[in-house]
Amino acid sequence: METHIKISSQAHGGVPFSLKAEKKGNAAEVRIIGPIGFETNSEDFRREIDALKADGVNHVHLYINSPGGFCFDAAEIVNILSGFKGNITGEGGALVASAATYIALHCKTFTTPENGLFMIHKPVLSVEGTEAEIESKLAMLRKIQAQYYDAYKALTRNAAEFDTKWNSGDYWMTAQEAKEAGFITGITKRIGIDNASASMIAACGYPVARLSGLQTQLIALLELRNDATDSDIID
């Protein structure tokens, strides 16, 4: 019986998963791009990290541009990185969503660009099997959901609003909203959003009325003036 517990949309815009680690100065730079899932063996990544630690690296800096993916793989990434003695800091790209946010929560600091997007929602379970097997996996899903809920709840600055959003489906936030909610620690300057990132965002089901993260592309597509606002785009 196969069990898949995802913390992401089914679609991801065709961007392949990429997980890389290399030494930059006295820190390990880890880049997580695309839907999270070990198409490559997790032990390969663990060996890369172990080699960096053996080389005297203590700190980690993460870059994440991801729609999320499989929660077990996200947890494994967190477990592997937790072996570093120093700080784990991070930054987001155009999109940090679903299981990718769970990794971000484990950073001492995490920044998102001004036009970046941050999205959380409940786990999704896909399972086949007997009644007993399905009930067993449902119990597992509830435990994972509680784990994610507790991680977000520990950081949120507005518990009541969080509970409402958590129970309402996809909880999309701009960088400013994510910072005000307590999920990120800082906001950096706007970035260009390439077609791959735009496809990931669209495939995640980002609401059309809030496409400020794709403002530059939409201005060009609609042939609007360069200083067009979000309201101009929506109208």
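Arginine 46 is partly exposed, with 26% of its relative area accessible. This comes from a predicted model, and the picture below is built from the side-chain contacts in it. Arginine 46 reaches over to glutamate 43 in a salt bridge, with N and O 3.7 Å apart. Glutamate 43 is partly exposed too, at a relative accessible area of 34%. Both residues sit in helix α1, which covers residues 42–54, and a spacing of three residues puts about one helical turn between them.

That contact is one of eight salt bridges counted in the model. As a general point, side chains of opposite charge can pair when their charged atoms come close. Another example is lysine 24 with glutamate 29, where the N to O distance is 3.4 Å. Lysine 24 comes out as partly exposed, at 43% relative accessibility. Glutamate 29, with a relative accessible area of 22%, is also partly exposed; the cut-off for buried is under 20%, so 22% falls on the partly exposed side.

A further salt bridge joins aspartate 163 to lysine 153, the closest N and O atoms being 3.4 Å apart. Here the partners come from two helices: aspartate 163 belongs to helix α5 (residues 159–166) and lysine 153 to helix α4 (residues 131–153), so the contact ties together parts that are ten residues apart in sequence. Aspartate 163 has 26% relative accessibility and counts as partly exposed. Lysine 153 is likewise partly exposed, its relative accessible area being 26%. Elsewhere, shared partners turn separate salt bridges into a network, which takes in Glu22, Lys24 and Glu29.

Now for the rings. The model holds eleven aromatic pairs. In one of them, tyrosine 149 and phenylalanine 162 have ring centres 5.5 Å apart and planes at 40 degrees, so this pair is tilted. Tyrosine 149 lies in helix α4 and phenylalanine 162 in helix α5, so the ring contact ties together parts that are 13 residues apart in sequence. As for accessibility, tyrosine 149 is partly exposed, with a relative accessible area of 22%, whereas phenylalanine 162 is buried at 1% relative accessibility.

Tyrosine 149 also pairs with tryptophan 166, again in a tilted arrangement, with 6.0 Å from centre to centre and 55 degrees between the planes. This pair links distant parts of the chain, with tyrosine 149 in helix α4 and tryptophan 166 in helix α5, 17 residues apart. Tryptophan 166 counts as buried, at 4% relative accessibility. So tyrosine 149, itself partly exposed at 22%, has ring partners in phenylalanine 162 and tryptophan 166, and both of those are buried.

These rings belong to a wider group. Tyr102, Phe118, Tyr148, Tyr149, Tyr152, Phe162, Trp166 and Phe183 make up one aromatic cluster. Helices α4 and α5 are therefore linked through ring contacts, such as tyrosine 149 with phenylalanine 162, and through charge, by way of aspartate 163 and lysine 153.

One last contact mixes the two themes, charge and ring. Lysine 53 places its charged end over the ring of phenylalanine 84, at 5.9 Å from the ring centre.

Methods: Residues are numbered from 1 along each chain as its sequence is written. This is a predicted model: local features need pLDDT of at least 70, side-chain atom pairs count only at pLDDT 80 or more; totals for chains, interfaces and linings use all residues. Side-chain values use heavy atoms; hydrogens and water are left out. A salt bridge is a side-chain nitrogen of Lys or Arg within 4 Å of a carboxyl oxygen of Asp or Glu. Buried means under 20% relative accessible area, exposed over 50%, partly exposed in between (1.4 Å probe, protein chains only). Helices (H or I, at least four residues) and strands (E, at least two) are DSSP runs, numbered from the N terminus. Rings of Phe, Tyr and Trp (its six-membered ring) pair if their centres lie within 6.5 Å; planes under 30 degrees apart count as stacked, over 60 as edge-to-face and the rest as tilted. A charge sits over a ring if NZ of Lys or CZ of Arg is within 6 Å of the ring centre and within 35 degrees of the ring normal.
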